[in-house]
Amino acid sequence: MQNYWGWWLTIFTTFALYLWLFGKDAKAGDARFDRLALGSYLVTALGIVTVALVTGAGELALIGFFAMMPWVVAGGCKWRENNSKVNHE
């Protein structure tokens with residue numbers, strides 16, 4: 001459970017830092033905000049996996065990949081869906 005909550009804390013910290021840095025310019029539901037938030041999470045995920053691979057911790061890289069990448073895929077699909085709705089309206 002500790003590892004599970006650690007991953008969720010990583011996600012929360014990534015988004016909280018983004019909101020803190022961009023403040024009132026970051027609006028939930030705004031396509032630019034969603035794209036940048038998704039990108040920052042992807043960079044965090046790839047960084048964790050890369051460091052694990054470089055240090056020889058392949059099992060941690062697998063855990064990181066399978067714990068974080070589904071959220072990247074789900075976020076990308078949702079962003080694409082919302083973006084296509086906006087473009088068709």
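How much space lies in the largest pocket? I looked this up before anything else and noted about 270 Å³. The model I am working from is predicted, and I read every value below with that in mind.

**Entry: the fold**

I went through the chain for its secondary structure and found 3 helices and 0 strands. Along the sequence the pattern reads α-α-α. I also looked up burial: of the 89 residues in the chain, 21% are buried.

**Entry: the largest pocket**

I returned to the pocket and asked which residues lie nearest its centre. They are Phe15, Asp34, Leu38, Trp71 and Gly75, out of 13 residues in the lining. I then checked which helices take part. Helix 1, helix 2 (31-54) and helix 3 (58-88) each supply at least two lining residues. Helix 3 has the largest share, with 6 residues. By residue class, I noted 9 nonpolar, 2 polar and 2 charged residues in the lining.

**Entry: the nonpolar patch**

Next I looked at the surface. Met1, Tyr4, Trp5, Trp8 and Trp71 make a nonpolar patch of about 640 Å². Trp71 was already in my notes, as one of the residues nearest the centre of the largest pocket. I asked which helix gives the most to the patch. It is helix 1 (residues 2-22), with 3 residues.

I took Tyr4 as a single case to check. Tyr4 sits in helix 1. Is Tyr4 buried or partly exposed? Its relative accessible area is 42%, so I entered Tyr4 as partly exposed. A patch residue needs over 30% relative accessible area, and the 42% of Tyr4 meets that cut-off.

**Entry: the salt bridge**

How many salt bridges does the structure hold? I found 1. The partners are Glu81 and Lys78, and their closest N and O atoms are 3.6 Å apart. The cut-off for a salt bridge is 4 Å, so the 3.6 Å between Glu81 and Lys78 falls within it.

I placed the pair on the chain. Glu81 and Lys78 are both in helix 3. They are 3 residues apart, which is about one turn of the helix.

I then looked up how far each partner is covered. Glu81 has a relative accessible area of 37% and is partly exposed. Lys78, at 44%, is partly exposed too. Partly exposed runs from 20% to 50%, so I entered neither Glu81 nor Lys78 as buried.

Definitions and conventions: Residues numbered from 1 in each chain as written. Predicted model: local features only at pLDDT ≥ 70, side-chain atom pairs only at ≥ 80, totals over all residues. Heavy atoms only, no water. Patch = residues over 30% accessible without salt bridge, like charges linked within 9 Å, V, L, I, M, F, W, Y side chains within 5 Å. Areas by Shrake-Rupley, 256 points an atom, 1.4 Å probe, with all protein chains shown as cover. Salt bridge = Lys/Arg side-chain N within 4 Å of Asp/Glu carboxyl O. Helix = DSSP H or I, 4+ residues; strand = E, 2+ residues; numbered from the N terminus. Buried < 20%, exposed > 50% of the residue type's maximum accessible area, 1.4 Å probe, protein only. 1 Å grid on protein atoms, 1.4 Å probe; cavity = no way out; pocket = protein on both sides within 12 Å on 5 of 7 lines; lining within 4 Å. Points joined across faces, edges and corners; volume = space filled by probe spheres on them. Nonpolar A, V, L, I, M, F, W, Y, C, P; charged D, E, K, R; others polar.
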